[in-house]
Every structure is written in C-alpha cells, then in structure tokens.
Amino acid sequence: MGQGSHPSKADGTQTEFPISSLGDQKQWSAALEEQDPCFWTISVNTPANAPIGQYALLLHASKSDHLLGNFTLLFNPWCQDDEVFLANEAQRQEYILNQDGVIYWGTENAVLAQPWDFSQFEEDIVDICFTLLDVGERHQDKDHTQRKNPVYICRTVAAMLNCDEFRGILTECGTRQYLNGTPPSKWLGSGPILRQWIASQCKPVRYGQCWVFAAVMCSVLRCLGIPTRVVTGFTWAHNTNSSLSVDEYYDEDGTLLTQDKNARVWTFHVWNECWMARADLLPEYSGWHALDATCQEKSKGPSFCGPAPVQAIKEGDTEADYDVCYFFAAINAKCQVWIQKTDHTLKPALGSTKYTGNNISTKSVDSERCEDITHNYKYPEGSFQEKVVLDKAYTKIKKLEATSSSSKTQFSFIPTALEEPVNLFIHLQLRNSLLRGQDVPLSIEVFNHSGREKATHLLVGAQSLHYNGAPVTQLWKEEFHFTLRSNEANNLQVFVPYSQYREELGQDHLLRLTAVLKDDDSYIYFAQEEIIICDPPLTIEFPENMVQYQPSTAKIGLLNPLTEPLEKCVIVVAGRGLIYRQRKYKLGTVQPKSIQQLQIPFTPTQDGPRRLTAHLTCLQIQNLKTYKTTNIATA
C-alpha cells in the first residue's frame with residue numbers, strides 16, 4: 001500500500017501487511033472476510049493517525065505486485081481515536097455531511113442570512129481538494145508526511161485560500177470595481193470556484209471577500225473529514241496587529257476619514273471554526289478552533305490566522321498557538337473616535353467608545369436558525385470573569401512591553417480612559433433595517449446634564465459604507481443650532497430622503513448615521529448608528545407534494561416596491577437534486593409597484609430535504625438572494 005508519487009516506509013506513506021483471519025483496528029491490517037475458489041473478500045483496516053491522501057492498494061504474491069485499486073483516506077470524526085473525533089451525531093451530520101449552508105451578514109442589530117452551497121461531496125471536489133494540498137505543499141516547501149495532523153491541514157489550506165504568490169484559490173478585491181471577474185456577492189457556492197481554479201491550471205479565481213474565503217475553506221475541510229462551520233462576528237477590529245485599541249477618524253461634519261487604511265472596525269467579518277484535539281496544548285483547548293483565511297497585516301508569520309483554540313481566546317491565553325492574540329484583540333478591542341479639526345489637529349470625541357466582538361453567530365445544528373455563540377468567545381460584558389480575563393491580557397501586554405527590545409510588541413496597551421465631563425448626552429435611535437425606496441427616519445435626543453445653560457451646534461450626517469469599514473461617500477447632512485437649559489432635553493426627528501442614497505448606496509447596503517455635537521466649552525460629543533437597506537422581497541413557492549423523478553414547477557415572485565422600474569433583471573437558480581448546476585432566466589423590466597412571477601420547471605433527482613436558491617441582479621440591485629427548502633418524497 002502506498003500514497004503519493006514517492007511512497008516511503010520511513011515517512012508512513014508506504015506499508016506492507018499480511019492478510020490474516022483477524023484484522024487489527026489500531027494499525028494497517030487486512031482480514032479475510034470470505035473465501036471462494038474464484039475470489040476473496042478482504043477488509044482493510046487503517047490506523048486513526050494515518051496520513052490522509054490517495055492510496056494505491058497492491059497485492060504482493062509470488063514475487064510480483066498486482067494493483068487491486070485506489071482509495072482515498074480522509075479524517076474520520078466517527079472514530080474515537082482520530083484527532084477530529086466528534087461525539088455528537090447531530091453535529092457530525094451538520095458539520096461534515098451537510099452541503100447546504102447559511103452565512104450571516106448585515107449589522108449586529110440586523111443579522112441577515114444568505115445561502116451557500118458547500119458542494120463538498122460532488123464527485124470531482126475531493127480530487128480538487130487533494131490537488132490543492134499538493135500545490136500548497138510545493139509552494140510552501142512542505143511535504144505530505146504531516147497530513148496525519150489536522151492542524152497542518154488547516155494551515156496549509158488557509159495559506160492557499162488567499163495568497164496569490166502561492167497560486168491561491170481566490171483573489172481578494174477590497175472595495176474597487178471587480179474587473180474581469182465575478183463579484184463576491186454573485187457566488188452561490190464553492191463548487192464553481194474550485195472548478196474554475198482547477199480548470200485555469202491553479203490560477204487564482206477573481207474575486208473573494210471574507211465570507212467567500214470562509215465558505216470555500218469550510219467546503220475543503222469538510223470534504224477532507226474535519227468538522228467545520230462558518231462563523232460571523234459583528235463589529236470586528238481588523239488588522240490591529242494585536243492592539244487592544246483601534247481609532248476611527250471623522251471630520252467636523254461627521255464624515256469618516258481614512259487615516260489608517262489597514263486598521264478598521266468592520267461591520268462584520270466571517271471566519272471558520274474547525275473541531276480537533278490538540279496534543280500540543282492543554283486538554284481543555286481541544287474542541288473548536290478559530291481559523292481565518294482573510295489576509296491580515298501581521299508583523300511576522302503568515303497572513304492567515306489560526307487554528308486558535310476558542311477556549312484560549314475566551315480565557316485570554318494569548319500565547320497559545322496559533323494566533324490567539326489576533327482573535328482576542330479583534331473581539332475585545334475598544335474603538336475611540338477622534339475628530340479632525342480644520343487645522344488638522346485631533347480632538348477626542350466624548351461618549352463615543354465602541355466595543356467589538358458582538359453577536360458572534362453561526363448556523364445551528366439541523367436547522368436554518370441563527371445561533372449566537374458569543375459566549376464561547378467572551379464572558380458576559382461587565383462580568384467579574386471578563387474583568388479577570390482582560391486584566392490577565394493587560395498584564396501580559398505590560399510584560400511584553402517591558403521585555404521587548406523592539407518598539408513593536410505583540411500587543412499595544414489600551415490607553416487610559418478619557419476623562420469625560422458629564423455635560424451633554426446624545427443618543428441616536430433608528431430602525432435596524434429598512435426596505436430600499438423608503439426614507440430613513442432618525443430620532444436624536446440631546447440632554448443637558450451640566451447644571452447650566454448650554455449653546456450647542458449639532459451636525460447630523462449619513463454616509464454609505466463598505467462592510468470592511470471603508471467609506472463610500474457622504475450622502476446627506478443637516479445642521480441645528482439650539483440652546484438647552486439645565487436638565488433640558490431636545491428631541492429631533494429627521495429623515496434621510498431615498499433620493500439622497502439611491503445612487504450611492506454601495507454594494508453592502510450599509511449607511512452610517514452620525515451626530516457631532518459641540519458645546520460652548522469646545523467639547524465635542526459623538527454618536528453613530530448603522531442601518532442596512534434591504535432589497536425588495538424575492539419569494540419561492542413549491543407545490544405541496546413533490547415526488548422524486550416526477551416533473552414539478554416552482555414559482556419565483558419579485559415585488560418591485562420602488563417608484564422606478566427594475567431594468568435588465570436576470571435570475572439565476574440552483575438547487576442540488578432539483579436542478580443540474582445553475583440556470584439563468586432573463587426577466588427584462590419589472591414595472592414600479594408591480595409583482596412579476598417566474599415559473600421554474602424541474603424534475604427532482606434526489607429525495608429528502610432539498611433547497612432551491614435564487615439570485616437576482618439588475619441595474620439597480622446586485623445582491624438579492626433568497627432560498628427555500630422543501631421535502632421530496634422517495635419514488
């Protein structure tokens with residue numbers, strides 16, 4: 001038995017074992033199950049720690065070898081001796097066998113779901129995954145003798161996801177136009193990405209962003225037998241190089257500036273968790289591990305992060321391998337807002353501290369419900385346990401600063417809290433989400449705590465935003481001047497007209513509403529809220545009873561709530577076991593305030609729960625997806 005082009009007994013990729021009446025479950029062995037004058041039935045046992053890969057099985061008899069066949073060996077989460085063993089059967093069904101995923105995005109107050117087809121068991125995917133490992137090992141100067149180690153596999157795959165110099169799978173494209181490629185929002189699953197990569201002789205596919213990297217990573221690791229899930233965190237401090245503080249800069253009009261193009265607070269970020277035992281760490285750190293393939297600006301080491309034990313992140317054990325410090329900082333950093341004045345001096349904004357690492361979410365087991373797993377990463381905010389963990393992390397920071405000979409340390413210490421005078425209070429309130437075409441209502445409350453009359457200047461603005469914190473454009477602003485007596489409140493109601501954001505909403509449909517308040521003592525107060533603008537509803541209807549191999553029809557309905565037509569509408573549909581690959585339908589123009597329906601004929605080829613996904617694009621809308629799962633009766 002041998003694996004690879006140059007199998008070797010020394011590195012465990014070649015072995016010989018006799019055929020006996022009894023097999024050995026702990027090592028390579030062959031047992032004779034049935035014997036007939038014309039044929040034998042032989043079962044082959046493999047050790048739990050054997051390197052994964054594609055093997056050739058040969059029979060040595062009478063001084064000659066006969067090829068019996070080839071087989072693929074994967075990690076086995078059903079085997080108690082395997083490092084990826086997962087005891088819960090429902091979790092194994094979800095995190096290994098389920099091909100229909102849900103990825104969360106939006107804001108921490110409006111979590112939205114988009115479908116994803118992992119495709120890990122389509123017939124060509126396993127061969128592509130091993131080609132990926134082969135290419136990664138060649139370009140990273142590694143060898144496949146370590147393929148028995150799930151940590152090694154995770155790091156090899158992560159390095160291949162988003163690294164052009166390694167002929168990586170995907171090219172990242174931050175906020176510019178997606179020239180000569182597919183915008184990240186148009187991908188419906190991992191299969192087309194992996195097939196395009198292999199068909200182009202391993203040239204990076206254009207384009208991906210964090211949720212695409214995480215989704216493809218999930219497909220590859222599930223295919224190789226490692227339990228994996230996709231995780232979304234909201235208000236994520238990215239590229240802080242392990243600093244526990246991050247700054248945002250605004251001008252006096254409340255417009256977000258871009259002094260630091262790398263370190264930003266992202267509205268959301270998507271990464272993976274993979275399940276494994278860690279013999280190199282404390283026993284309590286076995287279990288879920290965070291793995292992030294999105295490129296990080298790190299002072300040393302590879303640009304990806306992990307696998308980092310989630311429990312070590314929660315406990316603030318920042319020295320544990322791998323990259324616990326980066327995950328800890330991303331979800332525990334505090335964000336301070338600074339106002340840049342016209343003379344380019346910076347002034348801290350009061351009342352504006354923003355906390356990161358909120359609503360960490362994943363798809364729940366055997367359900368399309370969103371599960372909040374923030375408690376796996378952090379103790380409750382304000383709890384005694386949280387204080388202990390943060391104090392422990394800060395102590396390690398001070399030690400690093402004291403012992404480091406370089407000005408760059410693993411962490412940067414969080415600055416002392418600003419002394420905030422209790423003079424004015426400002427609060428913004430708006431809906432978490434809104435349908436495209438509607439004006440955005442905003443409620444602003446200003447309260448004077450100072451004990452004396454205050455003259456104030458308030459500037460309210462709206463800005464479109466990319467999910468990674470980069471501004472698109474300033475859309476709207478309005479000024480107010482008023483005087484508040486002591487302990488007096490002023491409540492203002494304003495609207496951002498649809499006409500102001502319809503042309504410059506940005507691909508992620510995010511608006512940031514800001515309020516900059518100045519008083520006659522030259523203090524600056526700041527408040528911000530984000531809202532996501534939702535696209536028109538797209539619906540899917542199935543007949544009540546559908547049977548495998550019997551023709552049926554689904555109905556897709558599009559409501560246009562806008563006062564202008566939706567032009568050049570195209571709908572792409574996909575559904576494993578319902579439709580082969582993808583189909584494209586041209587709808588043309590959908591008139592204002594009207595509903596248009598599309599009939600999708602199909603013949604189910606697989607029974608059980610089946611999902612149909614629809615993706616609409618038109619001149620006005622680029623990322624409208626919906627999905628619905630139905631049950632197909634067995635023929």
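This report describes the overall dimensions of a predicted protein model and then three of its local elements.

Local features of this predicted model need a pLDDT of at least 70 and side-chain atom pairs count only at pLDDT 80 or more, whereas totals for chains, interfaces and linings use all residues. Residues are numbered from 1 along each chain as its sequence is written, and side-chain values use heavy atoms, with hydrogens and water left out.

**Overall form**

The secondary structure of the protein chain comes to 10 helices and 35 strands, where helices (H or I, at least four residues) and strands (E, at least two) are DSSP runs numbered from the N terminus. The radius of gyration of the protein chain, 28 Å, is close to the 26 Å that the globule rule gives for 635 residues, so the chain is as compact as a globular protein of that length; the radius is taken over C-alpha atoms, and the rule is 2.2 Å times the number of residues to the power 0.38. Along its principal axes, the C-alpha trace spans about 105 × 70 × 40 Å. Of the 635 residues, 53% count as buried, meaning under 20% relative accessible area, with exposed over 50% and partly exposed in between (1.4 Å probe, protein chains only). Among contacts (heavy atoms within 4.5 Å) between residues at least 6 apart in sequence, 64% join residues at least 24 apart.

**Strand pairings**

Two strands pair if DSSP finds at least two bridges between them. Two antiparallel pairings are set out here.

| Strands | Bridges | Opposed residues |
|---|---|---|
| β7 (residues 100–107) and β8 (residues 110–117) | 8 bridges | W105 and L112 |
| β34 (residues 608–617) and β35 (624–632) | 9 bridges | H615 and K625 |

β7 and β8 form a hairpin with 2 residues between them, and 7 of the 8 residues of β7 are buried, so this strand is largely enclosed by the rest of the structure.

The second pairing belongs to an open sheet of 4 strands with the order β32-β31-β34-β35 and antiparallel pairing. Its edge strands, β32 (579–590) and β35, each pair on one side only.

**Helix α3**

Helix α3 (residues 150–161) has 12 residues, which at 1.5 Å a residue should span 16 Å, and its end C-alpha atoms are 17 Å apart, which agrees; the expected span is 1.5 Å times one less than the number of residues. The helix is mostly covered, with 12 of its 12 residues buried, including P150, R155 and L161. At its start, a side-chain oxygen of N149 reaches to within 2.9 Å of the backbone nitrogen of V151.

Methods
Polar contact = N/O pair within 3.5 Å; in protein donor to acceptor, adjacent residues only side chain to side chain.
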